Amino acid sequence: MGTRFTLFALFVVSVLAFLDRQLLNILVAPMRADLQISDGQFSLLQGAAFGLTYCLAAFPIAWLSDRVSRKAVIMVSVAVWSIATLLFGMASSLGLLLAARMAVALGEAGLSPAAISILRQSYPVDRQAFAMGALTLSVYVGGGASLAIGGPVLDWLTAHASDPAPGLSWLSELAPWRWLFVACAVLGILGVVLMAFMREPERQPVPKESTSLAAFLAAIRNDRAAILAYLVAFTAIAALVTAATSWTPTLFIREHQWSARQTGAAYGAVYLVCGAIGALGGGKLISDLAARGHRDALIRTVRAAILLLGGATLASCLVPHPLAALAAAGAGMLAVGAVIAAGPYGFQALFPRQFSARAVALYFLVPGTIGTVLGPSSVPLLARLLGAPEGIGVPLALCAMVTTVWAWACLTIFLRFQARRPAP
């Protein structure tokens, strides 16, 4: 089985990883009601519990991926996050939810570094950005499917839980939102099976000392200014992306009075279609520009995309008509699609190939830890500071303005450092 099956298998496994991430964002109301938790506490499930664990676990697992079978690492990762997702669906308190969410993150932390390392080895340089764009489609297929399907299924489960039809009395044994996580957990079996059939490319032998931690740290020191500018820029981007994707569904539910079913179906479709177009289009644009000799193709593409994302998020928060807000959110998802794959792909390209997995892990450690915690948590924090604890639109708009300026400025600084680097 060749590179196409490799990409397909990694794509499907990544879809499974992203099913529960967006699903959580349409379950704010039923989970808050069931567990008696606040927006601030719920944001810990969206951001800190997952993001911190994911990013802290990514580096040691990536170190392992650079030394042992990446295929085996991914198989174990799928098993761990599937079991943890099941436990999340069974959890009866905030503490147990946080613990299960951290376990989910621990499992999912093993996927991206190993997958990107495999793709970098499987595809030539001029096809890597497109391959990464194709892999990034999984973010929108998984997230979009969970929104578009999860909303209607939640409504159906809610309708039948209190008055189940004959043969469906078992539905009342769990709250409707819990069944959605049980289903996500069961689908993990498919991921393990696909990984079992995937053939991992053989690594080219390199001296042991060239793969050591000391050698990796030396590579960082040699290019520390550019690496720092890159990480700071993508920390802002991660904050904006996670804030927008985490709270936009709630924006439609609270400020436009849409139901969870309407929001899931509409925003899920926008998330899937626009995100997918952005991922494929962004990857192809970067590849085409790089083939024409533009060394800064990735950063210039991301810099334009972040302006689009910031403006679109601002518009979606402030326009009064829900369909106009949805259109703006769709424009924002085009930009999200372009930047999600570009971040880790561009960062690992700053390092020698033997450090691919660890470079991706370092990327997730910094923008992932700070950005994914700062983004979702900043919205309820700003809402409280503004005296409207249930508000979403104005706090999210403020977050968008600050992070857009922050990211654009740091990307511009990085371009200056990149211009001084020797051509590969």
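The following exercises, each with a worked solution, concern a predicted model.

**Exercise 1. Two loop residues and their backbone angle**

Determine the sign of phi at glutamine 36 and at glutamine 257, and state where each residue lies and whether each is buried or exposed.

Solution.
Step 1. The general expectation comes first: most residues other than glycine have a negative phi.
Step 2. Glutamine 36 has a phi near 55°, a positive value in a residue that is not glycine. Glutamine 257 likewise has a positive phi, of about 55°.
Step 3. Glutamine 36 belongs to the loop between helix 2 (28–35) and helix 3 (39–46), while glutamine 257 sits in the loop between helix 12 and helix 13 (260–291).
Step 4. Exposed means over 50% relative accessible area. Glutamine 36 has 65% and is therefore exposed; glutamine 257 has 60% and is therefore exposed.

**Exercise 2. Valine 68 and serine 356**

Place valine 68 and serine 356 in the secondary structure, classify each by accessibility, and list their contacts beyond four places in sequence.

Solution.
Step 1. Valine 68 is in the loop between helix 4 (48–65) and helix 5 (70–90). Serine 356 is part of helix 16.
Step 2. The relative accessibility of valine 68 is 36%, so this residue counts as partly exposed. Serine 356 has a relative accessible area of 1%, and is therefore buried.
Step 3. With neighbours within four places in sequence set aside, valine 68 contacts Val73, Glu200 and Arg203. On the same terms, serine 356 contacts Asp66, Ser117, Arg120 and Gln348.
Step 4. A distance completes the description of valine 68: its C-alpha atom and that of aspartate 20, 48 residues apart along the chain, are separated by 28 Å.

**Exercise 3. The nonpolar cores**

Identify which residues of the largest nonpolar core touch the most other members, and give the contacts of phenylalanine 351.

Solution.
Step 1. The largest nonpolar core has 126 residues, and those touching the most other members are Met31, Phe347 and Phe351.
Step 2. Leaving out neighbours within four places in sequence, phenylalanine 351 is in contact with Arg120, Phe216, Ala219, Ile220, Ile227 and Ala359.
Step 3. A second core, separate and made of 9 residues, includes Ala243, Trp247, Val379 and Ala397.

**Exercise 4. The packing of helix 2 and helix 9**

Describe how helix 2 packs with helix 9, and name the residues that make the contact.

Solution.
Step 1. Two packed helices are described by the angle between their axes and the distance between the axes.
Step 2. For helix 2 and helix 9 (residues 176–186), the angle is about 115° and the axes are 9 Å apart.
Step 3. Helix 2 contributes Pro30, Met31, Asp34 and Leu35, and helix 9 contributes Trp177, Arg178 and Phe181.
Step 4. By class, this contact has 5 nonpolar, no polar and 2 charged residues.

**Exercise 5. The largest cavity**

State how many cavities of 30 Å³ or more the structure holds, and characterise the lining of the largest cavity.

Solution.
Step 1. There are 5 cavities of 30 Å³ or more, and the largest cavity has a volume of about 860 Å³.
Step 2. The largest cavity is lined by 45 residues; Phe18, Arg21, Thr242, Ile340 and Thr372 lie nearest its centre.
Step 3. Elements giving two or more residues to this lining include helix 1 (3–23), helix 4, helix 7 (111–122), helix 8 (125–162) and helix 16 (356–385).
Step 4. The lining divides into 27 nonpolar, 16 polar and 2 charged residues.

Methods:
Residues are numbered from 1 along each chain as its sequence is written. This is a predicted model: local features need pLDDT of at least 70, side-chain atom pairs count only at pLDDT 80 or more; totals for chains, interfaces and linings use all residues. Side-chain values use heavy atoms; hydrogens and water are left out. Helices (H or I, at least four residues) and strands (E, at least two) are DSSP runs, numbered from the N terminus. Buried means under 20% relative accessible area, exposed over 50%, partly exposed in between (1.4 Å probe, protein chains only). Contact means heavy atoms within 4.5 Å. A nonpolar core is a set of buried Ala, Val, Leu, Ile, Met, Phe, Trp, Tyr and Cys residues joined through side-chain atoms within 4.5 Å. On a 1 Å grid over the protein atoms alone, a cavity is a set of points where a 1.4 Å probe fits but cannot get out, and a pocket is an open set with protein on both sides within 12 Å along at least five of seven lines; lining residues have an atom within 4 Å of a point. Grid points are joined across faces, edges and corners, and a volume is the space filled by probe spheres set on the points. Ala, Val, Leu, Ile, Met, Phe, Trp, Tyr, Cys and Pro count as nonpolar, Asp, Glu, Lys and Arg as charged, and the others, Gly among them, as polar. Axes are lines fitted to C-alpha atoms, for helices over the stretch in contact, and angles run from 0 to 180 degrees between N-to-C directions.
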